[in-house]
Amino acid sequence: QVQLVESGGGLVQPGGSLRLSCAASGIIFSVYNMGWYRQAPGKQRELVAFITSVHTTNYADDVKGRFTISRDNAKNTVYLQMNSLKPEDTAIYYCKANLGSRAYWGQGTQVTVSS
């Protein structure tokens, strides 16, 4: 059974930082491409950051320079370090594991940026 469990969300003031974690089980983590997505109320889910099995990364334009995605294959975990957070970063953040036609999602973690 595949499980992706996100953690690390919460309430933070503008300009603050959070680190999200996504722990995977039931898959050979090291061969999967991993992504972080977010969905704000009334909006479609969008890609935030992506890291391949060979550690190539890609970011949405509005998070470049503020967010960093990384992975620890020994811990089967992918991270999203979020700095200089803005109110428009408020959303539910989801982790996704992808390998060819296989795709698995986590349940999401809420990030709220507000003063």
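This report walks through a predicted model, from its strands to a few of its residues.

## The four-stranded sheet

Let's start with the sheet. Four strands make it up, and their order across the sheet is β1-β3-β8-β7. The sheet is open and its pairing is antiparallel. At the edges you'll find β1, covering 3-7, and β7, covering 67-72, and each of these pairs on one side only. On average, neighbouring strands here are turned by 15° against each other, if you ignore direction. As background, strands of a sheet pair through backbone hydrogen bonds, and they can do so in a parallel or an antiparallel way.

Now zoom in on one edge. Strand β3 takes in residues 18-25, and 5 bridges join it to β1, with the two running antiparallel. To see one of these pairings for yourself, find E6: its bridge partner in β3 is C22.

## A hairpin further along

Next come β9 (residues 91-99) and β10 (residues 102-105), which pair in the antiparallel sense over 4 bridges. Together they form a hairpin, with 2 residues between the strands. One residue in the turn is G100, and its phi is positive, at about 60°.

L99 is a handy residue for finding your way around here. It lies in strand β9, and its bridge partner in β10 is R102. With a relative accessible area of 31%, L99 is partly exposed. Setting aside residues up to four places away in sequence, L99 touches V31 and Y32. You can also compare its position with that of F29: L99 and F29 are 70 residues apart in sequence, and their C-alpha atoms are 9.9 Å apart in space.

## Rings that pair up

The model has 3 aromatic pairs. One of them is Y32 with Y104: the ring centres are 6.2 Å apart and the planes sit at 45°, so this pair counts as tilted. Y32 is in the loop between β3 and β4, while Y104 is in strand β10, so the pair ties together parts that are 72 residues apart in sequence. Y32 counts as buried, at 4% relative accessibility. Y104 is partly exposed, at 27%.

Another pair is Y37 with W105. Their ring centres are 4.9 Å apart and their planes are at 65°, so this one is edge-to-face. This pair also links distant parts of the chain, with Y37 in strand β4 and W105 in strand β10, 68 residues apart. Y37 is buried, at 16% relative accessibility, whereas W105 is partly exposed, at 36%. Bring in Y94 and you have a cluster: ring pairs link Y37, Y94 and W105.

## Charges over rings

Two arginines are worth a look as well. R45 lies over the face of Y94, at 3.7 Å from the ring centre, and Y94 is the residue we just met in the ring cluster. Over at F29, it's R71 that does the job: its charged end sits over the ring, 4.6 Å from the centre.

## N33 and its surroundings

Let's finish with N33, which lies in strand β4, residues 33-39. Is N33 buried or exposed? Its relative accessibility is 19%, and the cut-off for buried is under 20%, so N33 counts as buried. A polar atom of its side chain lies 3.0 Å from the backbone nitrogen of S53. Leaving aside neighbours within four places in sequence, N33 is in contact with F50, I51, T52, S53, R71, K96, A97 and N98. You'll recognise R71 in that list as the residue whose charged end sits over F29.

F50, another of those contacts, has its place in strand β5, residues 46-51. F50 is partly exposed, with a relative accessible area of 22%. Along the chain, F50 and N33 are 17 residues apart, and 7.4 Å separates their C-alpha atoms. Apart from its neighbours within four places in sequence, F50 is in contact with N33, M34, G35, T56, T57, N58 and I69.

How values were computed
Residues numbered from 1 in each chain as written. Predicted model: local features only at pLDDT ≥ 70, side-chain atom pairs only at ≥ 80, totals over all residues. Heavy atoms only, no water. Pairing = 2+ DSSP bridges. Axes fitted to C-alpha atoms, helices over the stretch in contact; angles between N-to-C directions. Buried < 20%, exposed > 50% of the residue type's maximum accessible area, 1.4 Å probe, protein only. Polar contact = N/O pair within 3.5 Å; in protein donor to acceptor, adjacent residues only side chain to side chain. Contact = heavy atoms within 4.5 Å. Phe/Tyr/Trp six-rings, centres within 6.5 Å; stacked < 30°, edge-to-face > 60°. Lys NZ or Arg CZ within 6 Å of the ring centre and 35° of its normal.
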